[in-house]
Amino acid sequence: MLNKELLDALNEQMNHEFYAAHAYMAMAAYCDNGSYEGFANFYIQQAKEERFHGQKIYDYINDRGEKAVFSAISAPKSDFKNILETFEDGLAQEQDVTRRFYNLSELANKDKDYATISFLNWFLDEQVEEESMFETHIDYLKRIGDDSNTLYLYEKELAARTFNEE
Ligand SMILES: [Fe+2]
Ligand SMILES: [Fe+2]
């Protein structure tokens with residue numbers, strides 16, 4: 001059993017995680033379209049991670065004896081100026097998600113729902129990593145600039161990225 005307001009907010013966040021996966025797949029498509037396969041792979045793995053987050057919230061709602069409710073996923077942005085812009089948008093998306101988890105944590109605190117507070121802490125830690133990772137990539141891409149040889153090598157590294165559920 002979950003407080004109704006908290007349940008609605010968790011359902012909204014579950015749907016938002018699937019939206020985030022959608023948005024990263026659109027970035028992957030942009031990268032693949034320009035034959036930036038390493039960057040495309042980065043976003044494909046990122047999308048898997050977001051689906052995993054959605055599934056995690058789904059399981060939690062279920063474990064608490066409630067029902068997950070799915071809503072329509074809105075169309076994400078599908079065109080970008082360049083690779084850097086995808087990472088800047090990615091960072092903005094992660095910062096928005098962090099704010100959402102802060103709001104969720106406040107709701108759980110208000111209800112003194114300690115199990116949900118504990119559940120949400122995992123996501124708060126995860127968001128620190130997500131924002132930091134995007135900031136690092138943005139710094140690297142700005143430093144690389146128009147140096148296509150370095151960009152090529154950097155991309156090769158991202159091509160090897162895989163997502164493992166922990
Ligand atoms: Fe997420
Ligand atoms: Fe994320």
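**Exercise 1.** Determine whether H53 is buried or exposed, and place this residue in its metal site.

*Solution.* In this predicted model, H53 has a relative accessible area of 1% and is therefore buried, where buried means under 20% relative accessible area, exposed over 50% and partly exposed in between, with a 1.4 Å probe and protein chains only. Next, the ND1 atom of H53 joins E17 (OE) and E50 (OE) as the protein donors of the iron ion (ligand 1), lying 2.1 Å from it; donors are N, O and S atoms within 2.8 Å of the metal (3.2 Å for Na, K and Ca), and water is not among the atoms, so sites may look incomplete. E17 in helix 1 (residues 4-33) and H53 in helix 2 (residues 37-63) are 36 residues apart and link distant parts of the chain; helices (H or I, at least four residues) and strands (E, at least two) are DSSP runs, numbered from the N terminus. E17 also counts as buried, at 1% relative accessibility.

Residues are numbered from 1 along each chain as its sequence is written. Local features need pLDDT of at least 70, and side-chain values use heavy atoms, without hydrogens and water.

**Exercise 2.** Identify what coordinates the iron ion (ligand 2), and relate this ion to the iron ion (ligand 1).

*Solution.* The iron ion (ligand 2) is held at 2.0 to 2.5 Å by OE atoms of E50, E94, E94 again and E130. Along the chain, these donors follow the spacing E-x43-E-x35-E. E94 lies in helix 3 (residues 83-110) and E130 in helix 4 (residues 114-144), so this pair ties together parts 36 residues apart in sequence. Both E94 and E130 are buried. Finally, E50 bridges the two iron ions, ligand 1 and ligand 2, which lie 3.4 Å apart.

Technical notes. Chains lettered and ligands numbered in written order. Predicted model: local features only at pLDDT ≥ 70, side-chain atom pairs only at ≥ 80, totals over all residues.
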